Amino acid sequence: MGMKGVTLLAILTACGACGRSPLFGSHAPGSPVVVDAASDPAPDRAPDRVPDLLADRVPDRVPDVVPDLVPDRSVDVTPEGPPPCRPQPELCNGRDDDCDSKVDQDLVPIPCPAGGSRYCVGGQWSECPRRCEVCVPGSSRVCLVSYCTFWGQQSCASDGRSFGPCRESPPPAACDAVSRQGKRSAALEECCLKNDYCCLDEFDLDNDGDYAEMLGRCEAVTCDP
């Protein structure tokens, strides 16, 4: 045995006499060394594979950040319909009070003290008619007819809202010749005006385009402004 072998044997003998080496653990001197697989895994051994989570399972972990946006989802909102109709007596108010899909129907006109009536118009009761809307009740004006004397009279209705029909009557003496010659004409109307009658301007003698107005002395026939 050479010098190097003697030196190595001396070192091993001295270590065995000094106690157990941490490299050998608790085995007895001279016994074979057994390595614990758990404490010293083989370098070529693959680590245990982590099992995959099932597709229908969510990881048991709460997100640490709350989303700052609300998901854009459409919300189905059913619009509220009109309130149910509760039948009540029909009034003049522009509404369907009795729930028959008709507004202000079958309302009886309200009689007025001086004649005429009030009517439901546009959801409101009309005013009582004036007794003199068109003419003074009972008054008359001269009108012209197209036959016989060619002269006539119209009387104002009792409610003052219109004139009655033009009824034939004899012309005044001053206009008799004119009526025979000109018959129903502008000349006969001019004769009416010259003799101070209240005359219907059927020939528009004042050229204002109004053939329904009255000319002449009509103070007792026309209504006050």
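**Entry 1: the E133–R161 bridge**

I began with E133, which at 38% relative accessibility counts as partly exposed. In this predicted model, the side chain of E133 meets that of R161 in a salt bridge, with 3.7 Å from N to O. I then looked up where the two partners lie, and found E133 in the loop between β4 and β5 and R161 in the loop between β6 and β7 (167-168), so that the pair links distant parts of the chain, 28 residues apart. R161 is also partly exposed, at 38% relative accessibility.

**Entry 2: V134, beside that bridge**

I moved on to V134, which has its place in the loop between β4 (124-125) and β5. V134 is partly exposed, with a relative accessible area of 39%. Leaving aside residues up to four places away in sequence, I listed what V134 touches: G160, R161, S162, F163, V221 and C223. I also looked up the distance to D224, which is 90 residues away from V134 along the chain, and the C-alpha atoms of the two are separated by 9.7 Å.

F163, one of the residues that V134 touches, has a further partner, for the charged end of R141 sits over the ring of F163, 3.8 Å from its centre.

**Entry 3: the other salt bridges**

How many salt bridges does the structure hold? I noted 3, and having described the one between E133 and R161, I turned to the others.

The side chains of R180 and D176 meet at 3.0 Å, N to O. Both residues lie in helix α2 (residues 173-182), 4 residues apart, which is about one turn of the helix. R180 counts as exposed at 63% relative accessibility, whereas D176 counts as partly exposed at 27%.

The side chains of E202 and R184 meet at 2.4 Å, N to O. This pair links distant parts of the chain, with E202 in the loop between β8 and β9 (214-216) and R184 in the loop between α2 and α3, 18 residues apart. I checked the cover of each partner: E202 has a relative accessible area of 18%, and the limit for buried is under 20%, so E202 is buried. R184, with 36%, is partly exposed.

**Entry 4: the aromatic pair**

I searched for paired rings, and the count came to 1 aromatic pair. The rings are those of W151 and Y197, with centres 5.8 Å apart and planes at 75°; planes over 60 degrees apart count as edge-to-face, so this pair is edge-to-face. W151 is in the loop between β5 (140-143) and β6 (152-155), while Y197 is in the loop between α3 (186-194) and β8 (198-200), and the pair thus joins distant parts of the chain, 46 residues apart.

Is each of the two residues buried or exposed? W151 is buried, with a relative accessible area of 1%, but Y197 is partly exposed, with 30%.

**Entry 5: positive phi values**

I looked for residues other than glycine with a positive phi, and C99 is one of them, with a phi near 60°. C99 lies in the loop between α1 (3-18) and β1 (110-111), and with a relative accessible area of 28% C99 is partly exposed. N207 is another residue other than glycine with a positive phi, near 55°. N207 has its place in the loop between β8 and β9 and counts as exposed, at 69% relative accessibility.

**Entry 6: the whole chain**

I then stepped back to the protein as a whole, which has 3 helices and 9 strands. Read along the sequence, these follow the pattern α-β-β-β-β-β-β-β-α-α-β-β. Of the 225 residues in the protein, 21% are buried. The accessible surface comes to about 17700 Å², and carbon and sulfur atoms account for 56% of that surface. Among contacts between residues at least 6 apart in sequence, I noted that 28% join residues at least 24 apart.

**Entry 7: how far to trust the model**

I closed with the confidence values, where the protein averages a pLDDT of 79 and 65% of the residues score at least 70. Over residues 14-25, however, the pLDDT is below 50, and beyond near neighbours in sequence this stretch has 4 contacts in the model. Where pLDDT is low, the predicted coordinates should not be read in detail.

Conventions. Residues are numbered from 1 along each chain as its sequence is written. This is a predicted model: local features need pLDDT of at least 70, side-chain atom pairs count only at pLDDT 80 or more; totals for chains, interfaces and linings use all residues. Side-chain values use heavy atoms; hydrogens and water are left out. Rings of Phe, Tyr and Trp (its six-membered ring) pair if their centres lie within 6.5 Å; planes under 30 degrees apart count as stacked, over 60 as edge-to-face and the rest as tilted. Helices (H or I, at least four residues) and strands (E, at least two) are DSSP runs, numbered from the N terminus. Buried means under 20% relative accessible area, exposed over 50%, partly exposed in between (1.4 Å probe, protein chains only). A charge sits over a ring if NZ of Lys or CZ of Arg is within 6 Å of the ring centre and within 35 degrees of the ring normal. Contact means heavy atoms within 4.5 Å. pLDDT is the predictor's confidence in each residue, from 0 to 100. A salt bridge is a side-chain nitrogen of Lys or Arg within 4 Å of a carboxyl oxygen of Asp or Glu. Accessible areas come from the Shrake-Rupley method with a 1.4 Å probe; for residues, only the protein chains shown count as cover.
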